[in-house]
Amino acid sequence: MHLDLNLLVTLDALLDERSVTGAADRLYLTQPAMSRALARIRRATGDQILVRSGRAMLPTPYAEQIRDEVHQLVTRAQAVLTPAAEVDPATLERTFTVQCNDVVIDALVAYLAADLARMAPGVCLRVLSDAAVPAADDLRRGRADLQITNQVPTHTEARSTTVLTDELAVIGRRDLPRPPSTWDALAALPHVVISREGGRHNHVDDLLKARKLRRKIAFTVPTLALALRIVDTHNLVTVAPRLLTRHALPPSLRAYPMPGATPPIPAVLAWHARHDRDAAHRWLRTLIVDALGKITRESFVAEPGIQGVRCPVEAGDRLRECL
């Protein structure tokens, strides 16, 4: 049997209004159109639904019996077809998967943990290490809800916004005997390279090679945390993003400026188009943008002389329009 689910909306209005005219006005229909809809409902149910009693119309026992169920069905259907414009984090129960490298993970967790525990105790944040190869399929297939990378995704299904632009810094002990104030001084220091895949060559080597210099690599390690532990106990250095690393530095370490200009490092927040209007997803994106904004603002307060760092987060409302 073919079911016209629009009849449920009509039936709900008729049972609530107990009037063909009232139901027609409520659904912006003509009275003849509503009368025809009532006739179709009567044929489908085999019940009169509403019967005239003097100048009023009264529901039949069957109509009274199904009234609450019909209203619940219509309400649930409206909720399915009308995504929530707002979300209450306090009652939200959902697991979000964020994919990013360990430098971003360390920075975000430091700022997000307290906010999530206070604002959204039912939310679980699942963090995945970023893939060795840019993985558009991770967003498409739902393996990740969000990615934070240094590249704007090119596939058409992705949405993204650049939330901050960082710069490289040389991380070393405060008592380094020879601070890396020149390219020659930087090349002379033994380095700890951060590489999840174990690669020894990166953009720092390209910068040195352009000046006919070569550095000595003492360690190659997979994470920032391990690199900082090694640097903290030896006269070695590592090169990492200044803003995203600053919160993790112990008092014995500091971020030295690079000897010269280096390419900017963007932090790009990316998600799949299907999440554009998801209120809970938008809330999480805003929370992450705010967290990265705190990192940037606190760095500017602590190091007012740093150069080359931009923070689109400070555009506030304009950036949130991108989310």
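**Exercise 1. Find the order of strands in the five-stranded sheet, and name its edges.**

Step 1. Five strands make an open sheet, in the order β4-β3-β5-β12-β6. Strands here are DSSP runs of E with at least two residues, and helices are runs of H or I with at least four residues; both are numbered from the N terminus. Two strands pair if DSSP finds at least two bridges between them.

Step 2. The pairing in this sheet is mixed. Strands of a sheet pair through backbone hydrogen bonds, either parallel or antiparallel.

Step 3. β4 (123-129) and β6 (158-166) are the edge strands, and each pairs on one side only. From one strand to the next, the twist averages 20 degrees.

A note on the model: it is predicted, so local features need pLDDT of at least 70 and side-chain atom pairs count only at pLDDT 80 or more, while totals for chains, interfaces and linings use all residues. Residues are numbered from 1 along each chain as its sequence is written, and side-chain values use heavy atoms, with hydrogens and water left out.

**Exercise 2. Place Thr97 in the sheet, and decide: is Thr97 buried or exposed?**

Step 1. Thr97 lies in strand β3 (residues 94-100).

Step 2. β3 and β4 run parallel and are joined by seven bridges. The bridge partner of Thr97 in β4 is Arg126.

Step 3. Helix α5 (residues 102-119) packs on the sheet and touches β3, β4 and β5 (146-149). The direction of α5 makes about 175 degrees with that of β4. Such angles run from 0 to 180 degrees between N-to-C directions, with axes fitted to C-alpha atoms, for helices over the stretch in contact.

Step 4. List the contacts, meaning heavy atoms within 4.5 Å. Neighbours within four places in sequence aside, Thr97 is in contact with Arg126, Leu128, Arg143, Ala144, Asp145 and Leu146.

Step 5. Thr97 counts as buried because its relative accessibility is 7%. The cut-offs are under 20% relative accessible area for buried, over 50% for exposed, and partly exposed in between (1.4 Å probe, protein chains only).

**Exercise 3. Compare Cys100 with Cys124, and state how many disulfides the structure holds.**

Step 1. Cys100 has a relative accessible area of 1%, so Cys100 is buried.

Step 2. Cys124 has a relative accessible area of 40%, so Cys124 is partly exposed.

Step 3. A disulfide is counted when two cysteine sulfur atoms lie within 2.5 Å. The structure holds zero disulfides.

**Exercise 4. Describe the hairpin of β1 and β2, then find what Arg18 touches.**

Step 1. Strand β1 (residues 50-53) and β2 run antiparallel, joined by four bridges. Leu50 stands opposite Pro59 in β2.

Step 2. Two residues lie between β1 and β2 in the hairpin. Gly54, in the turn, has a positive phi of about 70 degrees.

Step 3. Strand β2 (residues 56-59) has two faces: Met57 and Pro59 are on the covered one, Ala56 and Leu58 on the uncovered one.

Step 4. Arg18 sits in the loop between α1 (6-17) and α2 (20-26). With a relative accessible area of 31%, Arg18 is partly exposed.

Step 5. Arg18 and Pro59 are 41 residues apart in sequence, and 7.2 Å apart in space, C-alpha to C-alpha. Leaving aside neighbours within four places, the contacts of Arg18 include Leu50, Met57, Leu58 and Pro59.

**Exercise 5. Describe the three-stranded sheet and the helix that packs on it.**

Step 1. The order of this open sheet is β10-β7-β11, with antiparallel pairing.

Step 2. β10 (238-241) and β11 (253-257) are the edge strands. The twist averages 45 degrees from one strand to the next.

Step 3. Four bridges join strand β7 (residues 168-173) to β10. Across this pair, Val170 stands opposite Val239 in β10.

Step 4. Helix α9 (residues 224-233) packs on the sheet, touching β7, β10 and β11. The direction of α9 makes about 45 degrees with that of β7.

**Exercise 6. Which helix gives the most residues to the largest nonpolar core?**

Step 1. A nonpolar core is a set of buried Ala, Val, Leu, Ile, Met, Phe, Trp, Tyr and Cys residues joined through side-chain atoms within 4.5 Å. The largest one has 45 residues.

Step 2. Helix α11 (residues 279-302) gives the most to this core, with nine residues.

Step 3. Leu292 is among the residues that touch the most other members. Not counting residues up to four places away in sequence, Leu292 touches Leu108, Val163, Leu164 and Leu244.
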